Amino acid sequence: MRVAIVDGYVDEPSCLGVPPYISPYPRYIYGMLRALKINPLYTTIDAIRENYKLKRSLYDFDLVIVIAGMVVPGKYLGGKPASLKELINLFPATLRKILVGPIVIELSDRERRLLENYEIFGFPFEHQLFRYLSRFAGHAESAQARGRDFVNRFAILGAEVVKQHPDFPNIICEIETYKGCYWRKCSFCIERIHGEPNQRDPMAVIAEIEALYNQGCRYFRLGNQTDFMSYMGDFSHEVPRPNAEKMWNFHREIWRRCPKIRTLHIDNVNPKTISEWREESREIIKCITVYQTPGNVAAMGLESADERVIEENSLAAHPDEVLDAIELINRYGKFVGYNGLPYFLPGLNFVAGLKGETRETFEKNYEFLESVMERGLLLRRINIRQVKIYPGTQMYGFGDRLLKKHKKHFKVFKEKVRKNIDNTMLRRVLPKGRKLTDLRCEVVEGNITFARQLATYPILVGIQGKYPRNEFLDARVVDYGRRSVTAIKC
Ligand code: SF4
């Protein structure tokens with residue numbers, strides 16, 4: 001029985017799978033198939049675009065599983081995600097195909113009809129897919145673990161898929177610790193589809209990291225959760241109480257088993273948790289600074305600094321709470337590490353087009369950033385986006401009228417931040433002469449090679465000269481672009 005997994009990549013608020021990242025989904029699916037004694041082929045959408053023979057060979061397979069979905073699309077250097085248009089005609093109608101991933105959240109009825117050649121699964125898809133694959137392989141369904149621990153067995157069995165990734169071993173494994181969000185109120189957010197927080201057993205997470213490490217992976221991001229601070233915490237409180245002791249033990253055990261990890265980073269942090277549980281969070285920030293690797297970023301959602309917008313959209317954190325979280329992370333994380341970057345810095349997200357927004361909202365957002373600057377605090381990245389409106393969210397009924405009305409204000413705000421704040425922050429974080437190590441060369445344009453560290457939110461570095469893809473080198477910062485730096489190899 002021949003089964004292929006085609007990774008069309010994903011980008012969700014709390015999961016990234018565009019190269020150099022590999023999301024957990026292809027690993028879980030590969031593990032499910034291995035559990036059913038099937039040896040699947042894994043490939044990426046980029047690989048089949050470049051290699052017609054490979055694509056053609058898939059026409060003879062018994063089943064192709066396609067993973068896709070860019071819920072929060074960005075700009076990508078490492079790969080080009082599969083578009084809906086591309087998926088429609090990717091394979092012949094006669095080939096048996098399944099479509100899984102966050103793409104299904106945003107499909108309209110018309111788009112579903114265009115994709116009628118696929119069997120489209122719900123999201124999250126793991127339970128449904130395993131039932132389907134069990135029947136497909138002629139196996140009786142066995143009893144499975146409940147909740148997110150369901151994926152643990154497959155995560156281990158699926159680790160070997162990384163060797164089929166075109167960029168292996170230069171990939172970052174996105175690791176899931178839990179699904180869901182304790183807040184679940186923000187008017188625009190799709191994370192509520194995962195419901196109440198459902199955590200994976202930390203020993204299973206460590207075992208998965210170890211399995212990937214044993215395959216040769218050295219770069220990891222604990223990025224697949226809505227709030228890393230609360231992982232393993234006490235969820236009996238409205239805002240979960242972090243458990244610093246468990247967090248220290250968790251990290252010690254990762255390093256005991258995988259001593260040669262090169263990158264260990266996180267992604268999302270809810271600033272509400274930090275401001276509500278200051279002492280516990282302080283300990284966890286220390287733990288992250290000590291046990292994770294430099295260049296780490298806590299991406300935090302402020303979304304808006306306007307109290308009216310916060311109230312009307314039931315956002316989690318208020319500006320003073322976010323400022324508090326920024327200060328606390330800076331206190332322990334601002335020191336420069338061995339790879340040239342501060343150990344651990346906050347990142348901020350803004351969303352435009354929410355209910356209650358006025359032109360003053362943009363002024364308040366800008367004033368907030370100015371106050372961060374005036375306090376001498378560091379921000380590693382500022383993400384400014386327009387709200388994407390999904391069925392099932394409160395924003396769906398409200399619509400995009402403010403997005404349209406404030407288009408100009410949004411553009412002006414974004415431009416001001418890029419020009420005045422981002423650039424100054426970049427100069428503070430990476431002063432001229434700073435040596436950045438382990439830069440992986442990715443793309444050559446003219447006489448410049450673009451390289452990045454294999455890290456969370458890596459800074460784009462334009463290195464003078466032409467260097468082959470996948471060469472690793474060190475370089476010193478000599479100049480600044482808007483959100484990138486120019487450097488010379490050293
Ligand atoms: S805090 Fe709000 S935006 Fe963040 S994951 Fe939860 S519901 Fe979504």
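**View 1. The annotated domain in a predicted model.** UniProt, in an unreviewed entry, places the feature "domain: Radical SAM core" at residues 165-440. The model shown here is predicted. Over residues 165-440, helix accounts for 42% of the chain and strand for 17%. The C-alpha atoms at the two ends of this stretch are 17 Å apart.

**View 2. Residues around the ligand.** The cysteines around the ligand are Cys 181, Cys 186 and Cys 189. Around the ligand there are also Trp 183, Arg 184, Lys 185, Phe 188, Glu 191, Thr 226 and Asn 270. By class, the residues of this shell are 5 nonpolar, 2 polar and 3 charged.

**View 3. Cysteines without a disulfide.** The count of disulfides is 0. A disulfide needs two cysteine sulfur atoms within 2.5 Å. For Cys 173, the closest cysteine sulfur belongs to Cys 217 and is 3.6 Å away, so the pair is too far apart for a bond. For Cys 441, the closest cysteine sulfur, in Cys 490, is 12 Å away, which is also too far for a bond. Cys 173 is buried, because its relative accessibility is 0%. Cys 441 is buried as well, with a relative accessible area of 0%.

**View 4. The second largest pocket.** This pocket has a volume of about 200 Å³. It is lined by 15 residues, and those closest to its centre are Arg 262, Thr 263, Tyr 338, Asn 339 and Asp 438. Strand S12 (263-266) and strand S16 (435-445) each contribute at least two residues to the lining. The lining of the second largest pocket comprises 7 nonpolar, 6 polar and 2 charged residues.

Key. Residues numbered from 1 in each chain as written. Predicted model: local features only at pLDDT ≥ 70, side-chain atom pairs only at ≥ 80, totals over all residues. Heavy atoms only, no water. UniProt positions renumbered as here; feature names shortened; annotations may be inferred. Helix = DSSP H or I, 4+ residues; strand = E, 2+ residues; numbered from the N terminus. Near = heavy atom within 4 Å. Nonpolar A, V, L, I, M, F, W, Y, C, P; charged D, E, K, R; others polar. Buried < 20%, exposed > 50% of the residue type's maximum accessible area, 1.4 Å probe, protein only. 1 Å grid on protein atoms, 1.4 Å probe; cavity = no way out; pocket = protein on both sides within 12 Å on 5 of 7 lines; lining within 4 Å. Points joined across faces, edges and corners; volume = space filled by probe spheres on them.
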